[in-house]
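Reader: I am in my first year and would like one careful, connected answer about a single part of what is shown here. Please take me through it slowly, and explain each term when you first use it.

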Amino acid sequence: MVLSDQDYRLIAEIQGGLPLTSHPYAEIGRRIGLDEKSVIERIDAMQSSGVIKRLGIVVRHHELGYTANAMVVWDVPDHRIDEVGEKLGALDCITLCYQRPRRLPDWPYNLFCMIHGQEREKVLAYIDKLVNSEGLDDIPHKVLFSGRRFKQRGARYQ
Amino acid sequence: MATPAIIIEQALKETPQPHRTREKITLNDLEKRLLNEYQKGLPLTPTPFADIAAKLGTSEALVLKIIDRLQALGVISRVGPVFKPKRVGASTLAAMAIPEEKLEKVAGMISAYAEVNHNYEREDNYNLWFVVTAPNQQRLDAVLEEMEQQTGYKILYLPLEKQFHIDLGFPLWC
């Protein structure tokens, strides 16, 4: 999708959040000289084309006590990577699931998942459960819980 | 008789002043439903908050009040879009194994790079994990090399090869 200057003005206007009013799209439109219908259509188009991944309430799970953030890394045989990746990626509580290269001999793991939970024990129990339910007993894995956050800056769209 | 707009304004005024809290925040059932069901799919209708309220069986004023309160508490960062990371440019996940007593210092060096947007400690031999983003692959390689030279530690270079799931938020029963 090719974005117009008008789209970039729209993005600049909404990326910090919609106004919390009865008619937020009309309000955005007033600020950039578009009518409500066009604002809605452009946002819809950006969503369909994937420029916007999602539109909704952006929750800071950390503030709700979701502090047990685990990166689970798996050493998946190459011929099973798609099968296992798709299985794990489809689970509700797994927020990211990526294939990355192995770096032998230091790093044999090629599949990375992110799991968030409120308590470490629950996250570990969830992982145990999914290892059983998804038939992953024979795939070596390791759980890396997060510690200090040294830097976190949301990517801004320009 | 107050008009709906004035009611909303008053509702918003009653919310606490912005502050960050360390205490665990407990949500009621309505708040949980709101957060579980609307991390994506905000209605693209003239009155999205009224439409959400109708679905949840409550009023627009209360939906807006809840959002405003949770925003003030830092639970909600915004109601708006999450953009797909830009395809142009190059980025990677990277990791380093740093002796514990040097971790803070090295982490500071890494965070100082404008090309770094996330930098975390993780419990592992590889205890420093960060994301590096650059306008092109050449610049990315140069930044990684500079980091290795500056810190004296080797970087595990782990670029994305395939994505099986993108972050669409997650429900609060996790």
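Author: A:Lys151 stands opposite B:Asn119, which belongs to β3(B), and these residues sit in a pairing in which strand β5 (residues 141-152) of chain A and β3(B) run antiparallel and are joined by 4 bridges. Strands here are DSSP runs of E with at least two residues, helices are runs of H or I with at least four residues, and both are numbered from the N terminus; two strands are said to pair if DSSP finds at least two bridges between them. This is a predicted model, in which local features need pLDDT of at least 70 and side-chain atom pairs count only at pLDDT 80 or more, while totals for chains, interfaces and linings use all residues. Residues are numbered from 1 along each chain as its sequence is written, and chains are lettered from A and ligands numbered from 1 in the order in which they are written.

The pairing of β5(A) with β3(B) is one step in an open sheet of 9 strands, whose order is β5(B)-β2(B)-β4(B)-β3(B)-β5(A)-β2(A)-β4(A)-β3(A)-β6(B), with antiparallel pairing. The edges are taken by β5 and β6 of chain B, each of which has a single partner strand, so one side of each is left without a neighbour in the sheet. Neighbouring strands are turned against each other by 30° on average, direction ignored, where axes are lines fitted to C-alpha atoms (for helices over the stretch in contact) and angles run from 0 to 180 degrees between N-to-C directions.

At the β5(B) edge, β2(B) and β5(B) pair in the antiparallel sense over 3 bridges, and B:Leu93 stands opposite B:Leu158 in β5(B). B:Leu93 also stands opposite B:Val131 in β4(B), within an antiparallel pairing in which 7 bridges join β2(B) to β4(B). Helix α6 (residues 137-151) of chain B lies across β2 (90-96), β4 (128-134) and β5 of chain B and runs at about 145° to β4(B).

At the other edge, strand β3 (residues 94-99) of chain A pairs with β6(B) over 3 bridges, again in the antiparallel sense, and the bridge partner of A:Tyr98 in β6(B) is B:Gln163. Helix α4 (residues 81-89) of chain A packs on the sheet, where it touches β2 (68-74), β3 and β4 (111-117) of chain A together with β6 of chain B, and its direction makes about 165° with that of β3(A). In the loop between β3 and β4 of chain A lies A:Pro105, and the peptide bond from A:Leu104 to A:Pro105 is cis, with omega near 5°.

The two chains also meet where β1(A) and β1(B) run antiparallel and are joined by 7 bridges, with A:Val59 opposite B:Ile76 in β1(B). In strand β1 (residues 52-59) of chain A, 6 of the 8 residues are buried, so the strand is largely enclosed by the rest of the structure; a residue is buried if 20 or more other C-beta atoms lie within 10 Å of its own, exposed if 12 or fewer do, and partly exposed in between, with C-beta atoms placed from the backbone.

Seen as a whole, the interface brings 62 residues of chain B into contact with 61 residues of chain A, two residues being in contact if their C-beta atoms, placed from the backbone, lie within 7 Å. The largest share of the side of chain B that touches chain A, 8 residues, comes from β1(B). The residues on that side divide into 36 nonpolar, 13 polar and 13 charged, where Ala, Val, Leu, Ile, Met, Phe, Trp, Tyr, Cys and Pro count as nonpolar, Asp, Glu, Lys and Arg as charged, and the others, Gly among them, as polar.

Helix α2 (residues 24-32) of chain A adds one more meeting place, and its buried residues are A:Pro24, A:Tyr25, A:Ile28 and A:Gly29. These residues cover an arc of only 140° around the axis, which puts them on the same side of α2(A); the arc is that of the directions from the helix axis to the C-beta atoms. They pack against α1 (5-14) and α3 (36-48) of chain A together with α3 of chain B.
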